[in-house]
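Biologist: Please take one part of this model and go through it closely. Then work outwards to the parts around it and elsewhere, with the cut-offs stated as you go.

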Amino acid sequence: MIKLNILDQETIKITNKKRIINLLYKKRELTKQDISKKLNISVPTIINNVNELIKEGILEEAGVGDSTGGRKPVIVKFISSARYSFGVEVKPHYVRIILVNLDSEIQYDKYFKMNCLQNFNKVLDKVEEEIDIAIKETKIERYKVLGVGFSLPGTVNEEKMLLEIAPNLMVKNICFQKFQSRINIPVYIENEANAAAYAEINLSIGNEMKNLVYISITEGIGVGVIVEDNLYKGKNKRAGEFGHMTIVPNGIECNCGRKGCWEMYVSERALLNYYNNNSTEKISLLKEFFNKLDNNEEIAIKVWKRYIDYLSIGIQNIILALDPHYVVVGGEISEYEDNLLNYLNEKVFIENKFYNEKDNRILLSKLKKDSSIKGAALLPYNKLFFLGSKII
Ligand SMILES: [Zn+2]
């Protein structure tokens, strides 16, 4: 018989527990016998682990199932309010904080305008203060908070807990380690498009597929890449920076210091700027632009055609590079489905010898404005509860 050392036994125990939680998270409730069958783990081991998870308050007994002879089997249920997690989204001009339960349902949601440019310490002070307020207001015990996940618009090295560079926030090398010790809750950080991709695959369309590219259209452009359920970040954690691929040589100057980057043509800001440069009227909201487009205003139509052209070129390049199942377009712009999807499908798949609409599909984000913040809030759960997905 192979003797396992203590470390191996401990690993198996943790893995078994994770598998049980993961199964019940999906199935909601099962008898211990069903869990044993589905996971191919012996009934006594299941009973042991389930008892521990009941003690930890993650599972509860919920009645009895039908008997197949002998004693009626006890049903065990997943408790979605057993643990919580914070998601924090930092943008140039606002910060949003949510608290979610294990089902990613929002329990607390606060949005505050603030100038986040240059001074990141101010942002972290505010987040610390707001976390305390949220815990007090929701009356959730602090030990039940598994972590705080940040969605950040820049290059993130999650292992070093470092926001390396965020041109749109005008900050560099922000380390989150001190902040973690200060708040005494585990902190996780991720790039906003990666976080959104992660949320879309885990909370919305993940059951249908495993390869996805998420394009986050906000004040900049971020792209998150999921390969076989794993978040692909590459050697230097910088994969997916398609927002800075050159789309127009010597084009418009970008915050990154180069010219003609894709985001200078397809970000929200780029769309509004181009409209404002061509019209005597000045607008600052996407809603205003789409009102004009819906009213068939000539300038708006011209601006939109140009926008779709540039967006399509970038998406075509991404499909050529990665051949994903789905390309998911997110950000506020994705809420204008009627104006976006048909035009985009037409342009992206037109006159294309490499692929068609059956090979790859363009979808609009299902989680809308919640995608990256919910993805951020999932990060603490991933480490402690879920199996499978890795960062590669
Ligand atoms: Zn750039």
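Modeller: Four donors count as tetrahedral if all angles lie between 85 and 135 degrees; four count as square planar and six as octahedral if opposite donors are over 155 degrees apart and all others between 65 and 115, and anything else is irregular. Donors themselves are N, O and S atoms within 2.8 Å of the metal (3.2 Å for Na, K and Ca), and water is not among the atoms, so sites may look incomplete.

This is a predicted model, in which local features need pLDDT of at least 70 and side-chain atom pairs count only at pLDDT 80 or more, while totals for chains, interfaces and linings use all residues. Residues are numbered from 1 along each chain as its sequence is written, and side-chain values use heavy atoms, with hydrogens and water left out.

The part to look at is the zinc site. Four protein atoms serve as donors to the zinc ion: ND1 of His244 and the SG atoms of Cys254, Cys256 and Cys261, at 2.0 to 2.4 Å. The angles among these four donor atoms run from 106 to 118°, and the site is tetrahedral. For reference, the ideal angle for four tetrahedral donors is 109.5 degrees. Along the sequence the donor residues follow the spacing H-x9-C-x1-C-x4-C. Two of the cysteines can be set side by side by accessibility. Cys254 counts as buried because its relative accessibility is 6%, whereas Cys256, at 33%, counts as partly exposed. Here buried means under 20% relative accessible area, exposed over 50% and partly exposed in between, with a 1.4 Å probe and protein chains only.

Further along the chain is helix α8, residues 268-278, in which Glu268, Ala270, Leu271, Leu272, Tyr275 and Asn276 are buried. Helices (H or I, at least four residues) and strands (E, at least two) are DSSP runs, numbered from the N terminus. The cover over the buried residues of α8 includes strand β12 (212-217) and helices α7 (263-266), α9 (286-294) and α10.

Two of those covering helices, α9 and α10, also pack together. Their axes come within 8 Å and cross at roughly 110°. Axes are lines fitted to C-alpha atoms, for helices over the stretch in contact, and angles run from 0 to 180 degrees between N-to-C directions. The pair α9 and α10 is therefore roughly perpendicular. Under 35 degrees counts as roughly parallel, over 145 as roughly antiparallel, 65 to 115 as roughly perpendicular and the rest as oblique. Phe289, Phe290, Lys292 and Leu293 of α9 meet Ala300, Ile301, Val303 and Trp304 of α10, contact meaning heavy atoms within 4.5 Å.

Helix α10 (residues 298-322) packs against α11 (residues 337-349) as well, at about 55° and with axes 9 Å apart. These two helices are therefore oblique to each other. Residues making the contact include Trp304, Ile308 and Leu311 of α10, and Leu340, Tyr343 and Leu344 of α11.

Elsewhere, Ser85 lies in strand β4, residues 84-91, and is buried at a relative accessible area of 0%. Leaving out residues up to four places away in sequence, Ser85 touches Ile98, Leu99, Val100, Gly147, Ala377, Pro380 and Tyr381. Leu378, in helix α12 (residues 371-384), is buried at 2% relative accessibility. Leu378 and Ser85 are 293 residues apart in sequence, yet 7.4 Å apart from C-alpha to C-alpha.
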